[in-house]
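User: I'm new to this one and would like to know where the labels come from. Could you take me through the reasoning?

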Amino acid sequence: MGERWQDRFRAARISLPSWAREAPDRALFRSDSSGAWEIYAWDRANGDQRQVTKREHGTSAAVIDPTGESIWWFDDTAGDEFGVWRRQPFTGGADDIAIPGLSPSYQGGIALGASGAALVGRSTDSGFSVHLGVPGAPPAVLYSHREEGDLADLSTDESLFAIAHSEHGDSRHSAVRVLRLNIATATAEPVADLWDGPGKDLTPVKFAPTDHRLLVLHERQGTRQPLIWDAEAGTERELALDLPGELSAGWYPDGRALLVSQKHEARTTLHRYDLDTDTTTLVPTPRGLVAGAAVRPEGTVEYSWSSSESPPMVRDSSDRVVLAPPGAPAPPSVPVVDATVEGPGGPVHALVSIPEKGDSPYPTVFTVHGGPQSQDFDSFSPDVAAWVDHGFAVVRVNYRGSTGYGSAWRDALEGRVGLTELEDIKAVRDWAVGSGLADPRRLVLEGGSWGGYLTLLGLGVYPEDWSTGIAVVPVADYEAAYEDEMEGLRAFDRSLFGGSPQEVPDLYRQSSPITYAENVRVPVLILAGENDPRCPIRQIDNYLARLTELGRPFEVYRFNAGHGSFVVEERIRHMAAELEFALRGTGTGQQDPATPLT
C-alpha cells in the first residue's frame with residue numbers, strides 16, 4: 001500500500017505545452033520527471049527535448065518569446081516567490097538577467113514582443129508597476145500605482161497593452177485599462193478604462209491575434225462570462241453563450257472564434273464559439289477536469305485532462321497523445337461521487353471519494369481547498385488517492401467563497417471571513433455523519449493554505465466535530481500574517497475584510513484561528529515553509545506558542561521552501577507525515593506509511 005501511494009507522486013507529470021507565436025514548433029512545458037518541477041524546451045519538428053532549469057527547489061514560471069529564440073524563467077530564492085526574470089536561448093546556453101537594472105519583485109505578469117521589447121509587471125511593498133525592457137536601454141516605468149494590479153497582454157503589433165488594476169481600492173474586483181505603448185520614447189498613455197462598478201470583477205485575458213480586440217471576462221449576470229472590448233473604437237460585445245456554470249476563453253489563431261472553457265459542477269467542458277455566426281460547437285473531451293487548453297495554428301485543440309480516477313494526460317481534439325512524460329503512469333484511483341447538501345447559504349456541492357475496501361462508516365478526511373477563490377474538481381490528486389488507499393473516505397467541499405458557482409457564492413464570505421466557509425463545511429460534515437458515510441469518532445479536518453487556515457479556525461470554532469486536524473502552510477494568526485505577507489495579499493485582505501487590521505481590528509480578530517486556540521481539544525499537525533511569503537512563518541510560530549501556553553497537543557513539520565514544495569520526495573515526506581499523524585490520531589488500524597515525522 002505504501003509503495004502504491006508513493007508511486008503516484010513519483011510518476012512523472014507534464015503540463016500543457018505552450019509555443020512561440022511565430023515559431024510554433026518551438027515549445028516549452030513543465031515537468032517533474034527530474035524529481036522537481038522544472039522547465040523544458042521541446043522542438044516539435046524533430047521531437048528533441050531539453051531541460052532548461054535545474055534548481056534545488058524547482059522552477060514554476062516560464063514563457064517563450066514570440067520568435068522562439070529564448071525562454072524566460074522566474075528566478076526566486078528557495079521558493080520565496082521574490083526574484084527576477086532570467087533568459088536562456090531556446091537551443092541552450094548560459095542564463096542571463098533578462099532585464100538588467102530591474103530589481104527583484106513578486107510577479108505581476110509578463111508580455112513579450114517579437115521586436116525584443118518586454119513588459120514586466122512587478123508587485124512590491126510600494127504597489128504594482130509595469131516596466132518596459134528594450135535591449136541596450138535601461139528599464140522604464142510605464143505604469144505604477146499604490147494599489148495592486150496585473151499585466152495581462154501586449155498586442156501583436158506591440159502598440160497596446162492591457163492591465164487589470166484596482167485603483168478604486170478593491171483588488172478582488174478589478175477594472176481593465178488599455179494603454180498605448182510608444183517603444184521609441186519608452187512611454188505609455190491610457191486609451192480607455194472598463195469598469196463595472198463596485199463588487200463586479202473584470203479580468204483582461206488576451207488581445208486578438210489579428211487586431212486590437214481584447215478578450216475580457218465579466219460577471220454582469222452573476223457568473224463569469226466572456227466579452228470582447230475594442231478600447232480604441234469604444235465597443236463592447238457580450239457573447240450569447242447559453243451555458244451553465246462559469247466560463248473562460250481564449251482565441252483561435254485566426255481571431256474569428258473562441259475556445260470556451262465551461263466549468264460546471266466541478267467539471268470542465270470545451271466549446272468552439274464562432275464569432276461570425278454566434279454558434280457554439282462542443283469540443284469532445286472525457287468527463288473530468290481540463291486544466292488547460294489551447295489551439296494550434298492549424299486549428300487543433302490541445303488540452304491537459306485528468307479525473308479523480310485517471311492520471312493526467314495531454315491529448316488533442318483528435319484524441320491523440322500530444323506529449324507523454326517518461327516512465328510508468330501513476331496508478332489509478334477511485335472515481336468521485338457527487339453530493340449536494342443544504343447549507344445555511346444554499347446548496348453546497350461536495351465531492352466524495354470512498355475506499356474500495358472496508359465498510360461504512362469510514363474514517364473520513366475533510367480536505368479543504370485553498371484560495372479561497374478556487375474550487376475542488378473531479379481531477380486526479382495523489383494526496384486524495386493516498387488517503388483512500390489507507391482506508392479513509394475523503395470529502396471535498398466547495399464552500400461559499402469558492403469559484404465556479406457564481407459571483408454571489410464567491411463573495412458570500414465578506415464580513416464573516418472563515419466563519420461562513422466553516423458553516424458549509426460543518427453542514428457537509430453533519431450530513432456525512434448522519435448518512436452513515438463518516439465515523440464521527442474518526443474525523444480529520446485537513447487543508448493547505450486557505451484550507452489550512454480553515455482547518456485551524458474550524459478546530460477552534462467547532463472543537464467537538466473533529467478527531468484531529470492537519471494544517472499545511474496555514475494562516476494561523478491573521479494580524480501577524482497581514483504584517484509579514486506580500487503586498488498583493490495585503491491588498492486582497494483589505495478588499496476581503498473592508499480594511500486593514502488597524503482599520504477593522506474586530507473583524508480580523510473574529511476570523512483569526514489564534515483567537516480560538518483555547519477551544520482546541522484535539523491534536524494538531526502543522527506543516528510550515530520557512531520561506532513562505534503567503535502564510536509567513538512568524539504568525540505560525542505565534543499560534544504554536546499559544547498552543548504551548550495552553551498545554552494543547554501539537555506537532556510541527558518545518559521544511560526549507562516556500563508556500564509548498566515543487567520537489568517530489570519532499571511532497572512524499574509531507575504526505576507521509578500527514579498519514580502517520582492521522583492514522584495515529586484516529587486509531588485507524590492501517591499500515592505505517594513508511595516515513596516518520598521529522
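**Helices, turns and a few odd bonds**

User: How do you know that the length of helix 5 fits its number of residues?

Analyst: Keep in mind that this is a predicted model. Helix 5 covers residues 450–461, and at 1.5 Å a residue its 12 residues should span 16 Å. The C-alpha atoms at its ends are 16 Å apart, so the two values agree.

User: And what makes helix 5 count as largely enclosed?

Analyst: A residue is called buried when its relative accessible area is under 20%. In helix 5, 11 of the 12 residues are buried, so the rest of the structure largely encloses it. Among them are W450, Y453, L454 and G460.

User: Why are helix 4 and helix 5 called roughly perpendicular?

Analyst: They pack at an angle of about 75 degrees, with axes 10 Å apart. Angles of 65 to 115 degrees count as roughly perpendicular, so that is the label this pair gets. On the helix 4 side, L419, E421, L422 and I425 make the contact, and they meet W450, L454, L457, G458 and V461 of helix 5. By type, that contact has seven nonpolar residues, one polar and one charged.

User: What about helix 2: is it mostly covered or mostly open?

Analyst: Mostly covered, with seven of its eight residues buried. W387 and D389 are among those seven. Helix 2 (residues 382–389) also comes within 11 Å of helix 10 (residues 568–586), axis to axis, and the two cross at roughly 35 degrees. The crossing is right-handed. D383, A386 and W387 meet R571, M575, E578, L579 and A582 there. Five of these contact residues are nonpolar, none polar and three charged.

User: What makes A186 and D278 stand out?

Analyst: Their phi angles. Most residues other than glycine have a negative phi. A186 is not a glycine, yet its phi is positive, about 55 degrees. D278 also has a positive phi, near 55 degrees. A186 sits in the loop between strand 15 and strand 16, and D278 in the loop between strand 23 and strand 24.

User: Why do both count as partly exposed?

Analyst: Partly exposed lies between the 20% and 50% cut-offs. A186 has 25% relative accessibility, so it fits, and D278 fits because its value is 41%.

User: How do you know which peptide bonds are cis?

Analyst: Look at omega. From S360 to P361 it is near 0 degrees, and that bond is cis. From G371 to P372, also cis, omega is near 5 degrees. P361 lies in the loop between strand 30 and strand 31, while P372 lies in the loop between strand 31 and helix 2.

Note on methods:
Residues numbered from 1 in each chain as written. Predicted model: local features only at pLDDT ≥ 70, side-chain atom pairs only at ≥ 80, totals over all residues. Heavy atoms only, no water. Axes fitted to C-alpha atoms, helices over the stretch in contact; angles between N-to-C directions. Helix = DSSP H or I, 4+ residues; strand = E, 2+ residues; numbered from the N terminus. Left-handed = near helix turned anticlockwise from the far one by under 90°. Contact = heavy atoms within 4.5 Å. Nonpolar A, V, L, I, M, F, W, Y, C, P; charged D, E, K, R; others polar. Expected span 1.5 Å × (residues − 1). Buried < 20%, exposed > 50% of the residue type's maximum accessible area, 1.4 Å probe, protein only. Parallel < 35°, antiparallel > 145°, perpendicular 65-115°, else oblique.
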